[in-house]
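Visitor: Could you take me through one part of this model up close? I'd like a single helix as the starting point, and then whatever connects to it.

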Amino acid sequence: MEDVCEGKDFNFPKQEEKILEMWEAIDAFQTQLKKTEGKPEYVFYDGPPFATGLPHYGHILAGTIKDIVTRYQTARGHHVTRRFGWDCHGLPVEFEIDTKLGIKSRDDVLAMGIDKYNEECRSVVMRYSKEWEKIISRVGRWIDFENDYKTLDPQFMESVWWVFEQLWNKDLVYRGFKVMPYSTGCKTSLSNFEAGLNYKDVPDPAIMVSFPLKDEAIGGALVAWTTTPWTLPSNLALCVNATFDYVKVRCKATGAIYIVAESRLSQLPVKKTKADVPNGTVKKTKDLGTKAGGKRKGIPEEKVAAPLDSSSYEVLETFKGSALVGKKYQPLFDYFLELSDAAFIVVADNYVTDDSGTGVVHCAPAFGEDDYRVCSDANIVKKGEDLLIPVDANGCFVEKVADFKGRYVKDADKDIISAVKAKGRLVSSGSIMHSYPFCWRSETPLLYRAVPSWFVAVEKIKDQLLENNKQTTWVPDYVKEKRFHNWLENARDWAISRSRFWGTPLPVWVSDDGEEKVVVGSIEKLEELSGVKVTDLHRHNIDHITIPSGRGPNYGVLRRVDDVLYSNGVINCSLW
């Protein structure tokens with residue numbers, strides 16, 4: 001038996017290297033797999049990393065735990081196939097190419113050509129694969145690199161199509177809009193997890209704006225508070241809380257009549273005379289909660305119920321918020337007057353709180369999750385129909401907002417405030433220091449923005465998911481009844497598409513009139529429907545392919561929609 005050094009002379013790294021040499025000499029891993037052939041299979045899904053960066057401590061720790069699990073199951077008498085995988089698609093790869101080539105906008109990619117852009121992406125996806133193999137092998141993990149899988153392989157991408165087709169056939173897929181954290185630097189939406197990675201304390205405007213009611217029976221103007229003046233041109237509704245008490249007050253200095261929640265009266269600016277107007281600066285807040293832009297999420301460090309300054313305001317009337325519901329008001333801007341029949345109306349919802357602002361929230365459905373929800377519930381906007389989004393992918397106003405077209409929204413704040421003041425609608429103007437989310441890749445401030453997306457209707461199958469969780473063994477076991485159960489209980493429909501270039505294309509072909517849709521679940525089906533030979537499924541190889549209308553030649557052809565798919569959760573279909 002070989003002598004082993006003890007005490008201070010023992011060298012762990014050298015001993016590990018000897019063990020690795022011995023494993024290599026006897027081909028230990030492959031020998032183990034051969035010896036366990038025919039035994040019950042233990043299926044282990046290993047989520048793939050990106051090879052555009054080097055492994056770090058988190059990868060090594062997770063990989064070691066995975067190795068322990070698979071070795072243990074082998075020792076229990078199972079055959080455990082272990083294939084290493086590579087995540088080759090998505091934003092990390094695109095961001096690297098954007099940085100390398102100085103690409104600033106979606107138009108830059110289109111000018112370059114999707115084919116050239118995607119091949120640039122392909123060229124870097126396996127950059128550090130050898131380094132990964134070396135490090136993973138050095139820590140002693142047994143896993144198959146020769147028989148690996150890559151998410152860019154046609155077979156893997158085809159399996160993503162197959163999964164999507166199965167969901168479509170079960171009526172679990174639909175197209176809609178989702179208000180999401182949006183990075184104008186990367187030109188894409190982010191997950192809530194990504195949105196929480198990079199908060200910074202920054203100053204922003206904090207203003208109060210008046211919205212005169214058209215109903216003479218009540219009269220006066222509702223006052224809303226916002227830290228996102230750039231959303232005001234898109235205002236379509238005001239939201240109150242039906243259960244709150246609201247008061248109508250008259251400003252003794254100006255004669256203006258305002259309506260705010262009674263509990264928020266102290267927030268109105270003190271106006272001794274017309275010439276003596278404080279700037280209405282708001283206190284520093286702790287954070288924005290989950291809503292970038294935070295029109296109503298800022299929570300003051302101290303809630304002070306200061307009384308109304310009776311020398312500045314006179315209380316005229318008190319009533320419940322429900323008395324305001326359905327009342328129409330004068331639009332602040334005229335960009336969306338064509339929606340006047342349904343819009344510019346007061347709605348009510350319990351998300352309006354009395355811990356900040358005025359108890360009146362201005363709603364721009366394209367730029368707030370609650371805004372979109374309450375406007376949908378009030379039929380101001382229709383779910384599943386096109387939504388007017390007056391800000392482009394670069395965060396600039398579109399031509400519809402004529403006075404500010406081409407301006408980056410946050411750069412336009414000052415001019416929008418000036419426009420509001422010129423209209424006589426600015427009640428107060430100040431600033432707020434708050435914690436605001438920035439894109440962790442591009443360092444640009446995030447916007448909350450409605451983006452068209454394809455959804456998996458998770459809420460339809462929530463009960464089934466909860467039941468399946470009960471039958472699942474969790475370690476530790478409290479995860480079943482607490483963390484994961486709570487997550488499933490609050491599960492929302494899952495947005496699975498992205499408006500990107502380097503990914504698995506969404507396999508939906510649509511007619512020009514939108515009446516006909518075909519979902520393609522395989523290469524064979526696409527070739528059969530189109531008559532075109534297909535060897536690669538990336539956008540630049542299939543975007544030109546059309547499918548003749550099933551309604552006849554007079555209806556033209558179907559074209560693929562301009563989206564790529566999120567490929568999470570398909571390894572079980574791709575590898576087995």
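Guide: Let's begin on the outward side of H7, where Lys 130 and Lys 134 are exposed. Keep in mind that this is a predicted model. On the other side of the helix, Ser 129, Trp 132 and Ile 136 are buried. Those three cover an arc of only 55° around the axis, which puts them on the same side of H7. The background is simple: an α-helix has 3.6 residues a turn, so residues three or four places apart point the same way.

Now stay with Trp 132, because its ring and that of Phe 84 have their centres 6.3 Å apart and their planes at 50°, so the pair is tilted. The tilted label needs an angle that is neither under 30 degrees nor over 60. What this pair does is link distant parts of the chain: Phe 84 is in strand S1 (residues 83-86), Trp 132 is in helix H7 (residues 129-138), and the two are 48 residues apart. Both partners are out of the solvent's way in the sense that Phe 84 is buried and Trp 132 is buried too.

The pair has company. Ring pairs tie Phe 84, Trp 86, Trp 132 and Phe 145 together as a cluster. Trp 86 also gives us a way over to the loop that leads into H7: Val 125 sits in the loop between helix H6 (114-124) and H7. Val 125 and Trp 86 are 39 residues apart in sequence, yet their C-alpha atoms are 8.5 Å apart in space. Val 125 counts as buried, with 3% relative accessibility.

For contrast with the tilted pair, look at Tyr 149 and Phe 156. Their ring centres are 5.9 Å apart and their planes are at 5°, so this pair is stacked. Tyr 149 is buried at a relative accessible area of 3%, and Phe 156 is buried at 5%. Across the whole structure there are 22 aromatic pairs.

Rings here also meet charges. Arg 71 lies over the face of Trp 142, 4.1 Å from the ring centre. Likewise, Lys 200 has its charged end over the ring of Phe 438, at 4.8 Å from the centre.

Next, go back along the chain to H4 and H5, and to an enclosed space. The whole structure has 5 cavities of 30 Å³ or more, and the second largest has a volume of about 60 Å³. Helix H4 (91-101) and helix H5 (106-112) each supply at least two residues of its lining. The residues around this second largest cavity include Glu 94, Asp 98, Arg 106 and Val 109, along with Lys 187, Arg 500 and Phe 501. By class, its lining has 5 charged, 4 nonpolar and 2 polar residues.

While you're at H5, find Asp 108, which is in that helix. Asp 108 is partly exposed, at a relative accessible area of 32%. Its C-alpha atom and that of Asp 98 are separated by 9.5 Å, with the two residues 10 apart along the chain.

If you want a second helix to set beside H7, try H11 (residues 413-422). Buried there are Asp 413, Ile 416, Ile 417, Ala 419 and Val 420. Seen down the axis of H11, these buried residues fall within an arc of 160°, so they line one face of the helix. On the other side of H11 you'll find Lys 414, Lys 421 and Ala 422 exposed.

Finally, a few backbone spots to check by eye. Most residues other than glycine have a negative phi, and most peptide bonds are trans. Phe 344 has a positive phi, near 55°, and is not a glycine. Phe 344 lies in the loop between strand S10 (313-320) and strand S11 (345-348), and it is buried, with a relative accessible area of 3%. Glu 443 is another non-glycine with a positive phi, about 65°. Glu 443 sits in the loop between strand S13 (426-437) and strand S14 (446-456), and at 40% relative accessibility it counts as partly exposed. As for the peptide bonds, a cis one joins Val 475 and Pro 476, with omega about 0°. You'll find Pro 476 in the loop between helix H12 (462-470) and helix H13 (478-481).

Notes: Residues are numbered from 1 along each chain as its sequence is written. This is a predicted model: local features need pLDDT of at least 70, side-chain atom pairs count only at pLDDT 80 or more; totals for chains, interfaces and linings use all residues. Side-chain values use heavy atoms; hydrogens and water are left out. Rings of Phe, Tyr and Trp (its six-membered ring) pair if their centres lie within 6.5 Å; planes under 30 degrees apart count as stacked, over 60 as edge-to-face and the rest as tilted. Helices (H or I, at least four residues) and strands (E, at least two) are DSSP runs, numbered from the N terminus. Buried means under 20% relative accessible area, exposed over 50%, partly exposed in between (1.4 Å probe, protein chains only). A charge sits over a ring if NZ of Lys or CZ of Arg is within 6 Å of the ring centre and within 35 degrees of the ring normal. On a 1 Å grid over the protein atoms alone, a cavity is a set of points where a 1.4 Å probe fits but cannot get out, and a pocket is an open set with protein on both sides within 12 Å along at least five of seven lines; lining residues have an atom within 4 Å of a point. Grid points are joined across faces, edges and corners, and a volume is the space filled by probe spheres set on the points. Ala, Val, Leu, Ile, Met, Phe, Trp, Tyr, Cys and Pro count as nonpolar, Asp, Glu, Lys and Arg as charged, and the others, Gly among them, as polar. The arc is that of the directions from the helix axis to the C-beta atoms.
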